[in-house]
Amino acid sequence: MADPPRVLIVEDNDDIRLLLARLVQQDIPSIQIYLAQTLADGQALLRTQTVDILLIDPRLPDSTGYHTIHALMDAAPHAVAAIITGYPTPEDMARVLASGAHAYYDKFELLRDWHQVQLLHALIAAVTLHGT
């Protein structure tokens with residue numbers, strides 16, 4: 001991929017959304033980041049922008065669960081999707097990954113565990129090197 005990857009972060013908590021943006025930019029300062037607070041905001045952005053990676057919080061003010069995930073993945077079918085949830089369960093992880101998401105993170109582990117951040121950076125690096 002010649003251009004830096006484009007990432008859409010869909011997260012309703014302002015502080016977490018900005019912290020995730022900073023974490024994503026650590027290794028790739030030129031990365032293009034778009035931010036959305038709701039499903040509607042994310043869908044509107046995806047009507048005008050193409051992204052390579054979706055970071056999705058499935059519990060938003062205007063949508064929850066699998067509806068959120070599938071609506072955003074359908075709006076950006078070629079993007080790599082990673083789910084970032086504050087309510088992880090093994091059952092949800094299996095279902096989400098089986099439905100086409102590429103990664104599933106516990107939001108709070110990601111924000112405090114360097115190894116989790118490295119996994120996210122590896123996902124971004126893979127998309128950067130190989131494209132979507």
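Leaving aside its neighbours within four places in sequence, which residues is T85 in contact with? The views below start from that residue, in what is a predicted model.

**View 1. T85 and its surroundings.** T85 lies in strand 6. Leaving aside neighbours within four places in sequence, T85 is in contact with P58, Y104, Y105, D106 and K107. T85 is buried, because its relative accessible area is 4% and buried means under 20%. If you look at the side chain of T85, you will find one of its polar atoms 3.0 Å from the backbone nitrogen of Y87.

**View 2. The open sheet.** Here we step back to the sheet, where five strands are arranged in the order 2-1-3-6-7 with parallel pairing. The edges are taken by strand 2 (32-36) and strand 7 (103-106); each has a single partner strand, so one side of each has no neighbour in the sheet. On average, neighbouring strands of this sheet are turned by 20° against each other, direction ignored.

**View 3. Strand 1 beside strand 2.** Now for one pair of strands from that sheet. Five bridges join strand 1 (residues 6-10) to strand 2, and the two pair in the parallel sense. To find your place in this pair, look for V7, which stands opposite I33 in strand 2.

**View 4. Helix 3 on the sheet.** Helix 3 (residues 65-75) packs on the sheet, where it touches strand 1, strand 3 (53-56) and strand 6 (80-85). The direction of helix 3 makes about 165° with that of strand 3.

**View 5. Helix 4 across two strands.** Strand 6 and strand 7 have helix 4 (residues 90-98) lying across them. Helix 4 runs at about 150° to strand 7.

**View 6. A salt bridge between distant parts of the chain.** Side chains of opposite charge can pair when their charged atoms come close. The structure holds five salt bridges, and this view shows the one in which the side chains of E11 and K107 meet, at 2.9 Å from N to O. This pair links distant parts of the chain, its members being 96 residues apart. E11 sits in the loop between strand 1 and helix 1 (14-25), while K107 belongs to helix 5 (residues 107-112). Both E11 and K107 are buried. K107 may be familiar from the first view, as one of the residues in contact with T85.

**View 7. A salt bridge within helix 1.** D14 and R17 form a salt bridge, with 2.5 Å between the closest N and O atoms. Both residues lie in helix 1, three residues apart, which is about one turn of the helix. Are the two partners buried or exposed? D14 is partly exposed, at 41% relative accessible area, whereas R17 counts as buried because its relative accessibility is 9%.

**View 8. A salt bridge within helix 5.** In helix 5, E109 and R112 are separated by about one helical turn, because they stand three residues apart. The two form a salt bridge, and their closest N and O atoms are 2.7 Å apart. E109 is partly exposed, with a relative accessible area of 28%. R112 counts as exposed, because its relative accessibility is 62% and exposed means over 50%.

**View 9. A network of three residues.** To finish, we return to E11 and K107 and bring in D57. Salt bridges that share partners join E11, D57 and K107 into one network.

Definitions and conventions. Residues are numbered from 1 along each chain as its sequence is written. This is a predicted model: local features need pLDDT of at least 70, side-chain atom pairs count only at pLDDT 80 or more; totals for chains, interfaces and linings use all residues. Side-chain values use heavy atoms; hydrogens and water are left out. Two strands pair if DSSP finds at least two bridges between them. Helices (H or I, at least four residues) and strands (E, at least two) are DSSP runs, numbered from the N terminus. Axes are lines fitted to C-alpha atoms, for helices over the stretch in contact, and angles run from 0 to 180 degrees between N-to-C directions. Contact means heavy atoms within 4.5 Å. A salt bridge is a side-chain nitrogen of Lys or Arg within 4 Å of a carboxyl oxygen of Asp or Glu. Buried means under 20% relative accessible area, exposed over 50%, partly exposed in between (1.4 Å probe, protein chains only). A polar contact is a pair of N or O atoms within 3.5 Å; within protein, one must be able to donate a hydrogen and the other to accept it, and residues adjacent in sequence count only if both atoms are side-chain atoms.
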